[in-house]
Amino acid sequence: MNQLMAWIGVALLATMLSGCLKIDQTLTLAKDGSGTLDLRYGMSEQSIAQIEAMEQLSKSMGGTGGDVSVEQENDSPFDFDEARVRKGFEQDNPEGVELVSLSSEVVDGWKYIQIALRFDDLEALRRTDLFEDSDLSITEDADGNYVLTQVAGADGSGVGGEGVDMDPAMMQQMAAIFAGMRIATNVIVPGRVIESNATSVEGNRASWVFDVDKDPSVLSKLGNLDMRLVFSGEDVDLPRRVSNAQD
């Protein structure tokens, strides 16, 4: 499922350091549990240059002391060097996951990285770095339907609930800081979506879209939303449970 909730904390940190960030991800799950993951993320070239400058400054100062360096703080899946991204996948190379394509492009001053993965099952997908900090699970309920969830945070803590209350003044300040940020994740499942906390559902597709420019209030929800959907199990044969939670 959308690893995006697993990355929300990183996305917020990267945005605070460097300006707006755009992420668009689609996970497509087949009836046998295999599937594909398509990810596209982008940041302005100016913001990327600022991050690189801060990293170089941190290195030149030795990165000593108790403080965490900017480079360490910004260690995330959002690397904009295509060669480094490819090398990272080749080194990690979890069994059951194939890097189908990886490319980069610049559009109107923004640099984008596009990644396409093919996976044998969710168990294989969750072993990638993209899902290492989240609890991804799929279970079968009493009615024979499947429940797909993802909770940000390896231990499942600090997420869920109704969100964080913000007064109007704080909301305006935060919206200005995060202006332009848009995080979208789409999940396409092999059965009709019966129930979901997605922002929109159409047939077997559920979408979670957080666009700060359109709705600043999403900032109070990003770090506190567990992604969940229930879909029909008719003609579907998936593993009964996939999870990286600590039992």
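# Salt bridges and two unusual aspartates

Visitor: Let's start with arginine 228. What does it form a salt bridge with?
Guide: In this predicted model, arginine 228 pairs with glutamate 195 in a salt bridge, and their closest N and O atoms are 2.8 Å apart.

Visitor: Where along the chain do those two sit?
Guide: Arginine 228 belongs to strand S11 (residues 227-231), while glutamate 195 belongs to strand S8 (residues 193-196). They are 33 residues apart, so the pair links distant parts of the chain.

Visitor: And is arginine 228 buried, exposed or partly exposed?
Guide: Arginine 228 is partly exposed, at a relative accessible area of 33%. Its partner, glutamate 195, counts as partly exposed too, at 43%.

Visitor: Which residues are joined into one network by shared salt-bridge partners?
Guide: That would be Asp24, Arg182 and Asp211.

Visitor: How many salt bridges does the count come to?
Guide: The count comes to 10 salt bridges.

Visitor: Okay, show me another. What about glutamate 98 and arginine 118, how far is N to O?
Guide: The side chains of glutamate 98 and arginine 118 meet in a salt bridge at 2.8 Å, N to O. Glutamate 98 is in strand S3 (residues 97-107) and arginine 118 is in strand S4 (residues 110-119), so this pair ties together parts that are 20 residues apart in sequence.

Visitor: What's the relative accessible area of glutamate 98?
Guide: It's 42% for glutamate 98, which makes that residue partly exposed. Arginine 118 is partly exposed as well, with 41%.

Visitor: Got one with an aspartate? What does aspartate 79 form a salt bridge with?
Guide: Aspartate 79 bridges to arginine 84, with 2.9 Å between the closest N and O atoms. Arginine 84 has a relative accessible area of 48%, so it is partly exposed. The cut-off for exposed is over 50%.

Visitor: Switching topic to backbone angles. What is the phi of aspartate 108?
Guide: Aspartate 108 has a positive phi of about 55°, although this residue is not a glycine.

Visitor: Where does aspartate 108 lie?
Guide: Look in the loop between S3 and S4. Aspartate 108 is exposed there, with a relative accessible area of 75%.

Visitor: And aspartate 235, what's its phi?
Guide: Aspartate 235 has a phi near 60°, again a positive value in a residue other than glycine. You'll find aspartate 235 in the segment after S11.

Visitor: Is aspartate 235 buried or exposed?
Guide: Aspartate 235 counts as exposed, because its relative accessibility is 60% and the exposed class is anything over 50%.

Technical notes:
Residues numbered from 1 in each chain as written. Predicted model: local features only at pLDDT ≥ 70, side-chain atom pairs only at ≥ 80, totals over all residues. Heavy atoms only, no water. Salt bridge = Lys/Arg side-chain N within 4 Å of Asp/Glu carboxyl O. Buried < 20%, exposed > 50% of the residue type's maximum accessible area, 1.4 Å probe, protein only. Helix = DSSP H or I, 4+ residues; strand = E, 2+ residues; numbered from the N terminus.
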